[in-house]
Amino acid sequence: MNFFKNLFIKKDNPNIQKHETMTFEEIIASEKPVLIDFFATWCGPCQMMAPILQQVKQELGEEVKILKVDVDKYQSLAQRYQVQGVPTFAIFKKGELLWKQSGARPKEELVKIISQYID
């Protein structure tokens, strides 16, 4: 799924050039809604969400950014946003957490929720 470009990378990675790196804070500061999928590779419902998120992206296009965050790799982010279970979805815009909910969600629900935050 190449449209899920994982722009969020660890800052201490010497193999990444500075101009290609965006921090989590820079990503969620977007003027457009950013849907974060807090997931785990071992989570069955998380795996089921991948094609649904692809459909959401296809429907909303450039109106939304979608970012997957592996809670095992980025435990500090999961703790900061009090992610208790996976999958957990969160919507940010201009750096502000606008919505968060755990559990798998149908495409229609995600599109409806994200659409509320599209200008």
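## The main nonpolar core

In this predicted model, the largest nonpolar core has 20 residues. Phe 24, Ile 36, Phe 38, Val 69, Leu 77, Tyr 81 and Phe 92 have the most contacts inside this core. Two or more residues come from each of α1 (24–28), β1 (34–39), β2 (65–70), α3 (75–80) and β3 (88–93). The biggest contribution is that of β1, which supplies four residues.

Phe 92 is a good place to look around. Beyond its neighbours within four places in sequence, Phe 92 is in contact with Phe 24, Ile 28, Lys 32, Pro 33, Val 34, Ile 36, Tyr 81 and Leu 97.

## A second core

There is also a separate core, made up of 15 residues. Among its members are Met 49, Ile 66, Phe 89 and Ile 113. As general background, nonpolar side chains tend to be buried together in soluble globular proteins.

## The sheet

Now for the strands. Four of them form an open sheet with mixed pairing, and their order is β2-β1-β3-β4. At the edges sit β2 and β4, each of which pairs on one side only. From one strand to the next, the twist averages 20 degrees.

The strands β3 and β4 run antiparallel and are joined by six bridges. Here we meet Phe 92 again: Leu 97 in β4 stands opposite Phe 92, and Leu 97 is also on the contact list of Phe 92.

## Helices on the sheet

Two helices deserve a look here. Helix α2 (residues 44–60) lies across β1, β2 and β3, and its direction is at about 165 degrees to β2. Helix α4 (residues 107–115) packs on the sheet, where α4 touches β1, β3 and β4. The angle between the directions of α4 and β4 is about 165 degrees.

## A closer look at Leu 98

Let us finish on strand β4 (residues 96–102), which holds Leu 98. Is Leu 98 buried, partly exposed or exposed? Its relative accessible area is 29%, so Leu 98 counts as partly exposed, because that class lies between the cut-offs of under 20% for buried and over 50% for exposed.

Setting aside residues up to four places away in sequence, Leu 98 touches Ile 91, Lys 93 and Tyr 117. Pro 33 is 65 residues from Leu 98 along the chain, and the C-alpha atoms of the two are separated by 9.2 Å. Pro 33 also appears among the contacts of Phe 92.

Methods: Residues numbered from 1 in each chain as written. Predicted model: local features only at pLDDT ≥ 70, side-chain atom pairs only at ≥ 80, totals over all residues. Heavy atoms only, no water. Buried < 20%, exposed > 50% of the residue type's maximum accessible area, 1.4 Å probe, protein only. Contact = heavy atoms within 4.5 Å. Core = buried A, V, L, I, M, F, W, Y, C linked by side-chain atoms within 4.5 Å. Pairing = 2+ DSSP bridges. Axes fitted to C-alpha atoms, helices over the stretch in contact; angles between N-to-C directions.
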